[in-house]
Structures are given as C-alpha cells and as structure tokens.
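Me: Please take a close look at one part of this model and then set it in the context of the rest of the chain. A connected account would be preferable to a list.

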Amino acid sequence: MKFSLQIPTTKPTDMIKQILIIAGFLFCIQNSCAQGIMIPDTVFHNYLIENPFINTNMDTTISLEEATSFSGFIDVSSMAVTDLSGIENFTSLVTLRCQDNAITSLDLTANTALEILDCSNNGLHTLLLPETSAIVFLNINFNAITTIDLSGCNDLMYLFGQENTIAHLDVSNCSVLSELTMNSNALETINLNNGNNANLYYFNLTNNLDLDCIQVDDLEWSTLNWTGGMFTKDPSAQFKETCFASVIETDFSINIYPNPAQEFIIIENGVTAQSIIEIYDLQGALVLTTYLRESNKEIPISKLATGRYILKHISN
C-alpha cells in the first residue's frame, strides 16, 4: 500500500500569519458583541440591566439593539439618579418617569416616540425635547428651568410647569392643549394663540407678577369664558389678541465661522465700531463678553468648556 504526502504550497510563516489574522478578526467580533451602550449613572444602569423587558438576554450590559427596540416605560422615580445619559438610545421609549431625583440636565431630542414625561422635582436647568415630538403629558414642576421649546409638541395636552423660572412660554403650536399649570414662574410673556382655545379647560398662571399680557385667539371669547376657579391669573395679566410689538425686518445678517470651533470664531458682516458680543451657555449664564472692531473680528473661545452656546450680537 502506498501513501501520498500532500505538501502545502503555503509557507509555514504565511500560515501563522493567516491564523493570527483570523484569530484577531474573531476577537474583534466577540469584543464588539460584548460592548453595550454607555450608562454612567450606576443606579440607572442597574435598573436597566435588572429589567428583563429591556435586558432581554439578562447579561451585564444593554446593547444598542435592546435599547432601540424597547417601546415600554422606564420608571426611575425617587431612586437618587443624577444622570440619564444613555436614554438617547431608547428611541422607541413611550413613557419616562424620572421625578424626585437630582438630574440637572436632560436631553431627549432623540426620543421622538416619547408620549409621557414626568421629570418634576429634580433641580433641572436644561430640558431639550425633540423637534418633532409625540409628547402628550409633560410634568416639569419644581425645577429650575428658564427656557423650554415646545414648538414641536403638536400633540401636547397636559403641561404642568409650576415653580420654575420660565420667562417666556409659547404654546401656539400646541393646538390640543387642555390643561396648563404655570403658576409661580417668572413669566413675562405667554402665547396661548393656538387656534383652539376652546379646548383649554383649565389654567393656573398666578404668581407671575411681571406677566401683563396673555395672547389668545379671541379677546371677547376668552374674557367671557375664561373666568372662575378653573382659570386663574394675576389681576395685572390681561387677555389680548396681540401682545408683542411687530418686528421690523431688515437686510441685516452676520456670518459666524467655523462652527463647530475650538480656538476661535470669526464674525463677518454687521460688525460696527461699537459691536458687543455676549456668549451664553444653555442654562442662560453669561460666560463671555467681548467688543469687536471692524479691524478685529476674531473671538478666542479656547477657554470655554466643550458644549453648545448662544451668541448675542449687540450693535449700535
């Protein structure tokens, strides 16, 4: 009997390289499978991994697929949570209850399916909502919110926002608004001109001493119907169909670049001999003031922390 020996055409060193390459590739796959979304708050992390409806394989991480496919509710109320980072991955989340914690900033711009949000009693300074939102119920009572953008909340029916420091409130896009509680704020203006004032059956706007005008659909109708215990406001606040002076349109415009920036920004057009630039963070704090001249349009920003800012240009 004869035996034949097949000599491999690949050199041993080449085979070793191939094996190492394959092993390295498999390691990367396994390693990536083990990674989950970043959830820095330990309490929030433990809540998620202990929930079998979210952590479907009951391991120690929440995968991106588990987060995006979850369409139920998250309730971390009264659990001493300080940070909800990671919530942005739950894009199908319908209900979020995180009241009675110590959360100071909450970004929900990616949670477009969210219908019910209760983040009351947190000390919140910043709340960011989706540009197109499905929110029906919103409770932000007992926080420190100064501004809130509800322009995308077309389905909002219930808004509870008492004891914040909100100065300007516009619910003109909230055409199905039924209940509004905004007492004990710092309101100066409020726009209720949503085209469906008859749907609003309750509001409390008391203890807003700087509020003197409430913009409504129809002055006569509001004066006649919004009376009694279901509709309360300070005596100085009057219903009007127009509360704000008309804006004079001009061809004035400025260019700001680069954006995003690291070391400096440049402002072109509109810079005069007496231009003042003020930069605010999203909590409304003034972080930088500088004067521009036509010969120097560059503003150093390297000392500012990473984040988003609002620029105000004051010209003569």
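How many of the seven residues of strand E17 are buried, and with which strand does E17 pair over six bridges?

Reply: In this predicted model, strand E17 covers residues 275-281, and five of its seven residues are buried, so that the strand is mostly covered. Its partner is strand E20, residues 309-314, and the two pair in the antiparallel sense over six bridges. One point of register is given by Ile276, whose bridge partner in E20 is Ile314. A general feature of such elements is that in a regular strand the side chains alternate between the two faces of the sheet.

The wider setting is a protein chain with four helices and 20 strands. Of its 316 residues, 35% are buried. Among contacts between residues at least 6 apart in sequence, 29% join residues at least 24 apart.

Antiparallel pairing also appears in an open sheet of three strands, ordered E15-E16-E19. Strand E15 (255-257) and strand E19 (298-300) form its edges; because each has a single partner strand, one side of each is left without a neighbour in the sheet. From one strand to the next, the twist averages 20°. E15 is joined to strand E16, residues 264-268, by three bridges, and these two strands run antiparallel. The connection between E15 and E16 is a hairpin of six residues. Within this pair, Asn255 has Glu268 in E16 as its bridge partner, while Tyr257 stands opposite Ile266 in E16. Ile266 also stands opposite Glu298 in E19. Three bridges connect E16 with E19, again in the antiparallel sense.

A parallel arrangement is found elsewhere in the chain. Eight strands form an open sheet in the order E1-E2-E4-E6-E7-E9-E11-E13, with parallel pairing. At its edges are E1 and strand E13 (231-232), each of which pairs on one side only. Inside that order, strand E4 (residues 116-118) and E6 pair in the parallel sense over three bridges, and Ile116 has Phe137 in E6 as its bridge partner.

Two loops that adjoin strands of this sheet may be set side by side. Cys98 lies in the loop between strand E2 (95-97) and strand E3 (105-107). With a relative accessible area of 0%, Cys98 is buried. Leaving aside neighbours within four places in sequence, Cys98 is in contact with Val76, Ser77, Leu84, Ile103, Leu106, Asp118, Cys119 and Asn122. For one of these contacts, Leu84, which is 14 residues away along the chain, the C-alpha separation from Cys98 is 8.9 Å. Thr132, by contrast, occupies the loop between strand E5 (126-128) and strand E6 (137-139). Thr132 has 60% relative accessibility and therefore counts as exposed. Residues up to four places away in sequence not being counted, Thr132 touches Thr112 and Gly152. Asn111 is 21 residues from Thr132 in sequence, and their C-alpha atoms are 9.6 Å apart.

The edge strand E1 also leads to the helical part of the model. The buried residues of helix H2 (42-49), namely Phe44, Tyr47, Leu48 and Ile49, pack against strand E1 (73-75). In general, an α-helix has 3.6 residues a turn, so residues three or four places apart point the same way.

Asp41 stands in the loop between helix H1 (12-34) and helix H2, and Asp41 caps the N-terminal end of H2. In this cap, a side-chain oxygen of Asp41 lies 3.0 Å from the backbone nitrogen of Val43. The side chain of Asp41 also reaches the backbone nitrogen of Phe44 at 3.0 Å, and Phe44 is itself among the buried residues of H2. Asp41 is buried yet has no salt bridge. The nearest side chain of opposite charge, that of Arg97, is 18 Å away. Because a salt bridge requires a side-chain nitrogen of Lys or Arg within 4 Å of a carboxyl oxygen, Arg97 at 18 Å does not qualify as a partner for Asp41. Further along the chain, Asp41 touches Val81, Thr82 and Asp83, with residues up to four places away in sequence not counted.

To return to the part requested, E17 is mostly covered and is paired antiparallel with E20, whereas the eight-stranded sheet that includes E1 is parallel.

Key:
Residues are numbered from 1 along each chain as its sequence is written. This is a predicted model: local features need pLDDT of at least 70, side-chain atom pairs count only at pLDDT 80 or more; totals for chains, interfaces and linings use all residues. Side-chain values use heavy atoms; hydrogens and water are left out. Buried means under 20% relative accessible area, exposed over 50%, partly exposed in between (1.4 Å probe, protein chains only). Lys and Arg count as positive and Asp and Glu as negative; His and the chain ends are not counted. A polar contact is a pair of N or O atoms within 3.5 Å; within protein, one must be able to donate a hydrogen and the other to accept it, and residues adjacent in sequence count only if both atoms are side-chain atoms. Contact means heavy atoms within 4.5 Å. Two strands pair if DSSP finds at least two bridges between them. Axes are lines fitted to C-alpha atoms, for helices over the stretch in contact, and angles run from 0 to 180 degrees between N-to-C directions.
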